[in-house]
Amino acid sequence: MANLSQKYAQALFDVAEQHGSLEGVKADFYEVTEAAASVGNFIEFMDNPKITREKRTAAVEAAFGQSDRLLLNLLRILSDKKHMSLLEEIYGEFLSLYDEAHNQARVTVESVYKLSAEELDQLGQVFIDKTGYEKLLITNEINEELIGGVRVLIGSKVYDGSLRNQLDNLRNNFKEHTNS
């Protein structure tokens, strides 16, 4: 279904860009995904074959009628095709397209303790220089298993400067030298 999600996201991104409403669509899309996730059984209701098209459309209009019209059109299509379960995946794909167009990346920095804003800014600058992105959107997550240091995840790349990784490498080197 990832391919279908990519197609929906690309279509929304393209039309929003053409109409100059990319920022509004992005903001509304975030609100829609949050709202959909907060309402128990919403997705199941929207994809339920026993619910009539009219009831699904009415639910979309009632819940998201104030959203950007381009996003609302996508929601109507998802409702009509019973593809509302793809909403979060489409949003993720949309954000990837947005980030690529703005030469930015979402970054997760794992550390043993919460890093200060200054430490995150310093790390961000190092990885801006290393990756060539203009902007990094950094999230700090606590991971006590690292023992010390940090692990930085940018897309599918992992930069592991943790003490745990260094100890694992040392152990593996030890094993290789004792077995040879």
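A salt bridge is a side-chain nitrogen of Lys or Arg within 4 Å of a carboxyl oxygen of Asp or Glu, and the side chains of Arg 53 and Asp 80 meet in one, at 2.3 Å from N to O. Arg 53 lies in helix H4 (residues 53-64) and Asp 80 in helix H5 (residues 69-80), so the pair ties together parts that are 27 residues apart in sequence. Helices (H or I, at least four residues) and strands (E, at least two) are DSSP runs numbered from the N terminus.

The model is predicted, so that local features need pLDDT of at least 70 and side-chain atom pairs count only at pLDDT 80 or more, while totals for chains, interfaces and linings use all residues. Residues are numbered from 1 along each chain as its sequence is written, and side-chain values use heavy atoms, with hydrogens and water left out.

**Salt bridges**

By the rule above, the count comes to six salt bridges, among them these three.

| Pair | Closest N to O |
|---|---|
| Arg 53 and Asp 80 | 2.3 Å |
| Arg 106 and Asp 99 | 2.7 Å |
| Arg 151 and Glu 110 | 2.9 Å |

Buried means under 20% relative accessible area, exposed over 50%, and partly exposed in between, with a 1.4 Å probe and protein chains only. Asp 99 is buried at 7%, whereas Arg 106, its partner, is partly exposed at 37%. Glu 110 is also buried, at 12%, and a network of salt bridges links Glu 110, Arg 151 and Asp 160.

**Strand S1 and its neighbours**

Six of the eight residues of strand S1 (residues 104-111) are buried, so this strand is largely enclosed by the rest of the structure. Two strands pair if DSSP finds at least two bridges between them; S1 pairs with strand S2 (residues 135-142) in the parallel sense over eight bridges, and Val 109 stands opposite Asn 140 in S2. Strand S3 (residues 150-154) runs antiparallel to S1 and is joined to it by five bridges, with Glu 110 standing opposite Arg 151.

**The largest pocket**

A pocket is an open set of points on a 1 Å grid over the protein atoms alone, where a 1.4 Å probe fits, with protein on both sides within 12 Å along at least five of seven lines, and its lining residues have an atom within 4 Å of a point. The largest pocket is lined by 13 residues, and Ala 105, Arg 106, Tyr 133, Ile 154 and Gly 155 lie nearest its centre. Helix H6 (87-101), S1, helix H7 and strand S4 (157-160) each supply at least two residues of this lining.
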